Amino acid sequence: MHREFTVVTPDEPISEAWRNMTGFGFRGFPVVRMDQTVIGVITREDVLKRGYVRFERESQSIKTPSTVQMVMSTPAVTVDEDDSVRAAAKIFMRRDISMLPVLKDGRLSGVMDRRDVLKVCGRLIAVE
């Protein structure tokens, strides 16, 4: 799990979220309220599937830009800090997703991706 992560808010412009995804090399971000409650997830696939591929050309004259809440996936699929890596791996496989927000006491405490699970599996194989 990564304890340093980037989040977006539901009222953030999609164009800004996209620039951050591509700039940081992430496939998506948790969408949170001010109190760090996770309300959804936005991924590159969400943006592309919903046809927001021209947001880079949004005119400055547009008073209400397209926002994250328009394309985010809800409810967010999450895991708890106390859940096992096996439980997270099952979610990744069943849901075919690439990122899971990790919660502690109902608040975002980290982000886990498929590579994190593979690293644990690699360590287990090395022990055998």
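**Rings, helices and cores in a predicted model**

In this predicted model, Phe24, Phe26 and Phe29 come together as one aromatic cluster. How many aromatic pairs are there by the rule used here? The count comes to two. Phe24 and Phe26 make a tilted pair, with 6.1 Å centre to centre and 35° between the planes. Phe26 and Phe29 form a pair too, and since their planes stand at 75°, with the ring centres 5.8 Å apart, that pair is edge-to-face. A pair of aromatic rings is described by just these two things, the distance of the centres and the angle of the planes. As for the surroundings, Phe26 has 33% relative accessibility and so counts as partly exposed. Phe29, at 1%, counts as buried.

Next comes helix α1, which runs through residues 14-24. Which residues of α1 are buried? They are Ile14, Ser15, Ala17, Trp18 and Met21. These residues sit on the same side of α1, because they cover an arc of only 160° around the axis. The background here is simple: an α-helix has 3.6 residues a turn, so residues three or four places apart point the same way. What do the buried residues of α1 pack against? Their partners are β1 (28-32), β2 (38-43) and α2. Just after α1 comes Gly25, with a positive phi of about 80°.

Helix α3 (85-95) can be read in the same manner. Its buried residues are Ala88, Ala89 and Phe92. They cover an arc of only 100° around the axis, so they end up on the same side of α3. Over on the other side of α3, Arg86, Arg94 and Arg95 are exposed. Just after α3, Asp96 takes a positive phi of about 50°, although Asp96 is not a glycine. Asp96 belongs to the loop between α3 and β4 (99-104). Is Asp96 buried or exposed? With a relative accessible area of 61%, over the 50% cut-off, Asp96 is exposed.

Now for the nonpolar cores. The largest one has 13 residues, and those with the most contacts inside it are Val8, Val31, Ile42, Val47 and Val68. Elements α1, β1 and β2 each supply at least two residues of this core. Which element gives the most to this core? That is α1, with four residues. Ile42 shows what such a position looks like in detail. Leaving aside neighbours within four places in sequence, Ile42 is in contact with a long list of residues, including Val8, Ala17, Met21, Phe29, Val31, Val47, Val68 and Met72. Of these, Ala17 and Met21 are among the buried residues of α1, and Phe29 is part of the aromatic cluster. There is also a second, separate core of eight residues, and among them are Val79, Ala89, Leu100 and Val102. Ala89 is one of the buried residues of α3.

Helix α2 (residues 44-49) holds Asp46. Is Asp46 buried or exposed? Its relative accessible area is 5%, so Asp46 is buried. Not counting neighbours within four places in sequence, Asp46 is in contact with Val41, Val71, Met72 and Ser73. Val71 and Met72 also appear among the contacts of Ile42. Further along, the loop between α2 and β3 (79-80) contains Pro75. The peptide bond leading from Thr74 into Pro75 is cis, with omega near -10°.

Another backbone detail turns up at Gln36, in the loop between β1 and β2. Gln36 is not a glycine, yet it has a positive phi of about 70°. At a relative accessible area of 29%, Gln36 is partly exposed.

Finally, the two ends of the story meet at Phe5. This residue is in the segment before α1, and at 27% relative accessibility Phe5 counts as partly exposed. How many residues apart along the chain are Phe5 and Gly110? The answer is 105, while their C-alpha atoms are separated by 6.9 Å. Setting aside residues up to four places away in sequence, Phe5 touches Leu108, Ser109, Gly110 and Val111.

Key: Residues numbered from 1 in each chain as written. Predicted model: local features only at pLDDT ≥ 70, side-chain atom pairs only at ≥ 80, totals over all residues. Heavy atoms only, no water. Buried < 20%, exposed > 50% of the residue type's maximum accessible area, 1.4 Å probe, protein only. Contact = heavy atoms within 4.5 Å. Arc of directions from axis to C-beta. Phe/Tyr/Trp six-rings, centres within 6.5 Å; stacked < 30°, edge-to-face > 60°. Core = buried A, V, L, I, M, F, W, Y, C linked by side-chain atoms within 4.5 Å.
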